[in-house]
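Here are a few exercises to work through with the model open beside you. Try each task before you read its solution.

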Amino acid sequence: MRSDMPPVMAQSMRTNRSSFTSSYGYETPSHNSIVTSNGDDYDSDGSNFAPPTPKTLSMAIPPELAGAIPLIDKFQVEGFLRAMQKQIQSAGKRGFFSKRSVGPQVREKFTFEDMLCFQKDPIPTSLLKINSDLVSRAIKLFQNILKYMGVDSSDRVTPMSLEERIELVGKLYKQALKRSELRDELFAQISKQTRNNPDRQYLIKAWELMYLCASCMPPCKDIGGYLSDYVHNVAHGVSTDSEVQDLALNTLNALKRSVKAGPRHTIPGREEIEALLTRKRLTTIVFFLDETFEEITYDITTTVADAVEELAGIIKLSAYSSFSLFECRKVVTGSKLPDPGNEEYIGLDDNKYIGDLLAEFKEAKDRSKGEILHCKLTFKKKLFRESDEAVEDPMFVQLSYVQLQHDYILGNYPVGRDDAAQLSALQILVEIGFVVNPETCTDWTSLLERFLPRQIAITRAKQEWELDILSRYRSMENLTKDDARQQFLRILRTLPYGNSVFFSVRKIDDPIGLLPGRIIMGINKRGVHFFRPVPKEYLHSAELRDIMQFGSSNTAVFFKMRVAGVLHIFQFETKQGEEICVALQTHINDVMLRRYSKARSAANGSINGDLSGNFKPPSVDVHEKRVQELSKAIEESQKNANQLLEDFREKQKQEVKMQEELEGLKDLLRSEKQNLTEVTCERDKLRSLCNAKDSELQAALMEKQSMETRLAKLNGPEFETKAKKELIEANNQVLNKIQDELKVRNAELHAAEETTKRLVNEKLLLEERVLRLEKKKSDEVEIFGKNFEQERKALRLRVTELEKKLEEVTQDLGVAESTLAIKDLELSTLQNNLKELEELREMKEDIDRKNEQTAAILKMQGAQLAELEALYKEEQILRKRYFNTIEDMKGKIRVFCRLRPLSEKEIAEKERTVLTSLDEFTVEHLWRDDKTKQHIYDRVFDGNATQDDIFEDTRYLVQSAVDGYNVCI
């Protein structure tokens, strides 16, 4: 049959190289010929493999396996290939990993690369060199991998349901999570199934399984390096399938996270595996100290650091570096309600998985007997730092207020009555704001009880507290809620133990008898503070400068600190020792950094130091005076520059005023131009009207002449004379009217012309004035600009000269400082050498004296030793005689009973012990009708007994047997 391969894996296959992909293999010819042979046509030579060498590996291995070359000693290449050969021969096949090809060919040796290729058959042994007890488990791991991928020996694809896939992944986790060797073997097997895989569906399942495993458990450092390189090459391959590339990228990111956080402590549950397979996210609730909460999402890879970052984004908290998640446990016995003081907050490591935490919560609740255990995740500050006071983020301030309020109400901040009343009034103002008559509120009484610590409330009558708090509340009329919150923080911050983080510890060693058995320990920037838990009482404080040394283990913490000038070592039992030391070290670092900053700033201003001979370079005072003079000159230059700047601003204001006047003149000119246009239009109208009247007058005169000629023709001389007179009079009247009207129009025309001339003259005057103003403005601006530029250049040159002088003086000052530092160092070295010389002299005298004493003691002890040896031999004989006499009296046969503890499997299956130990001689168990039956032995050892405990009780019988007597256990 012909071997066809999809394009997605074609880039992974090699020419001139062998690889096996099932129970049969491929052997490629040396001339790139096409391989065609029957599936059952195998070579009979089964010894065709070669052990790998670095030379052959470097020449033959492809780039994706380059990271495996240094790890060749961890793989059992030769043993695996031999075991695979036996498995193939036992299955009735005639060949090894290669198939016979048609045509001329050259058989190649099978190497390390061939072992790391996909195969369908189960493996006969492990890929890595592991403990022989784990080989059978490694074989089962590969069988589960094949089953998850749906690989069937009959070449059939057997799809699996989601439930079956989840069950198989759970089995793989259960088998490999707790054993690092099996984890490495699992990753090697899965990576083998992703190389040269001819089936795309198989390949995707293999990468999916790789992603699932990398999400909750990392390989070892060496295998992890190889695996990261291999996954990176696949994820960034050019011709890689897109779905495979996405899975490889997810796997690479999961590997980085798991290597940083380590393996899961508990086996991931069904919900987590299903969420990762279906690409969904689970949700859980995180509480705040004021009992509010937020819901966050998580998956199988989410750590505490991831959850803190997500929660900070939800609540819009920008500065969250000092916050973390804490495990809060409250124990309630019987039907009582949870006591607010009965809370234990355990800090969580940033790399701890959220899934592990929730599983531990569930397990703790199942283990609690007769008690109700409340476990929850709480978000609060790890410690209060001095730099927190400068943070103005509203959410940061709110959370700090809530935490300090919670600690105050629990009684961790013992205060006086006045401070308690003031703090209660501030809390009420933050809660309800300012109300004119707060006592009329329905929850006024509950507010008083809620915001007043119990141990302080019992010191006065309830009515007195109410009147005091009410009067203080009414005096805060002008305060807002934010002001009240800040004032509350300020009051607690001023206390010696203010801004502390608190830990509950037990005393182990108290050399001066100062502290009780149970203690509340507070740590802040001032030091360590100790409180009595019930009733809450301040006991003692140790400042940071008094703590000489501190350290912690898994169950304890110790302090070597000075009390009344004497050093004492105090030890306390706690599981939070590391958190206590981290908080203390953080505050010490802050103090040292603050001192260093102050010293550095002081050193920049002046140098104070005396050598042994009160030597001080004479040039230092001169340089200091020169620096002061230059500083004064720079200040004067700055003042001059400021003065010029003020003058420039005044000029700008004047320019603005002139610009406004110019704009007013331009507006006036525009209005005059408009008036001139109107007068011109009116003049043109009058001219046209005069022309019309003249034409009418000419027409009337012509009509008059024609009438006169007609009358002369019709009448005689008399009538003609009379008519002419009448006509002349009429015409004269009309003419007079027209002339009068023409005079009026001429007068109006003359007036309009005069107005036009006046407006034209005014226009010319305004234009001339505008031109003068613009010219004046440009001249002033140009002059001022030139002056300013000259002054600026002069000042710049002066400042440059001053800076050069300052730099020279600074260099001289640095040389002087370095000289002083060298002299100080030489002086301190000489003083240390002198001290060491004196100590060596004293030590030599002590050694000589002790040598003499030792010689005398050794001589005396030699004599005593000879005497003691003789006595010892006599006592040895008597001991054997008396011991065997006692054993004879007890009896030669001794019957012991040892109870076996439950195994991990039995604990996981929630089985319980049947036998119980009543005392060191009796065991009992249930019998018929739920009755108990007891058995008595010479000695009963419970499940917690060690080998040392058993030997302690049987060593006398062993000694008797060594002495030669008969005994039976």
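**Exercise 1. Sort the lining of the largest cavity into nonpolar, polar and charged residues.**

Solution. Begin with how the lining divides: 1 residue is nonpolar, 4 are polar and 6 are charged. Keep in mind that this is a predicted model. Next, find the residues themselves: the lining is made up of Phe384, Arg385, Glu386, Glu389, Arg493, Gly498, Asn499, Asn524, Lys525, Arg526 and His587. Phe counts as nonpolar, and Gly is placed among the polar residues. To finish, add the volume: the largest cavity holds about 70 Å³ of space. The structure has 4 cavities of 30 Å³ or more.

**Exercise 2. Find which helix gives the largest share of the lining of the second largest pocket.**

Solution. First, place the pocket, which has a volume of about 1,800 Å³. Its lining has 35 residues, and those closest to the centre are Ile267, Glu904, Ile907, Ala908 and Glu909. Then look at the helices that each supply at least two lining residues: α5 (135–149), α6 (162–176), α11 (270–277), α13 (354–367) and α23 (904–908). Of these, α13 gives the largest share, with 7 residues. As a last step, check the character of the lining: 21 residues are charged, 8 are nonpolar and 6 are polar.

**Exercise 3. Locate the largest nonpolar core and trace the contacts of leucine 186.**

Solution. A general idea helps to start: in soluble globular proteins, nonpolar side chains tend to be buried together. Here the largest nonpolar core has 71 residues, and Phe75, Leu186, Trp207 and Leu209 have the most contacts inside it. Helix α8 (residues 200–214) supplies the largest share of this core, 11 residues. Now zoom in on leucine 186: once neighbours within four places in sequence are set aside, its contacts are Leu141, Ile145, Leu172, Ala176, Cys213 and Met217. Finally, look for the second core, which is separate and has 65 residues, including Phe326, Ile428, Ala484 and Phe531.

**Exercise 4. Decide whether arginine 279 and alanine 564 are buried or exposed.**

Solution. Start with the backbone. Arginine 279 is not a glycine, yet its phi is positive, about 60°. This arginine sits in the loop between α11 and β3 (282–287). Alanine 564 also has a positive phi, near 55°, and lies in the loop between β13 (556–563) and β14 (566–573). Now apply the cut-off: exposed means over 50% relative accessible area. Arginine 279 has 63% relative accessibility, so it counts as exposed. Alanine 564 reaches 80%, and is therefore exposed too.

How values were computed
Residues numbered from 1 in each chain as written. Heavy atoms only, no water. 1 Å grid on protein atoms, 1.4 Å probe; cavity = no way out; pocket = protein on both sides within 12 Å on 5 of 7 lines; lining within 4 Å. Points joined across faces, edges and corners; volume = space filled by probe spheres on them. Helix = DSSP H or I, 4+ residues; strand = E, 2+ residues; numbered from the N terminus. Core = buried A, V, L, I, M, F, W, Y, C linked by side-chain atoms within 4.5 Å. Buried < 20%, exposed > 50% of the residue type's maximum accessible area, 1.4 Å probe, protein only. Contact = heavy atoms within 4.5 Å.
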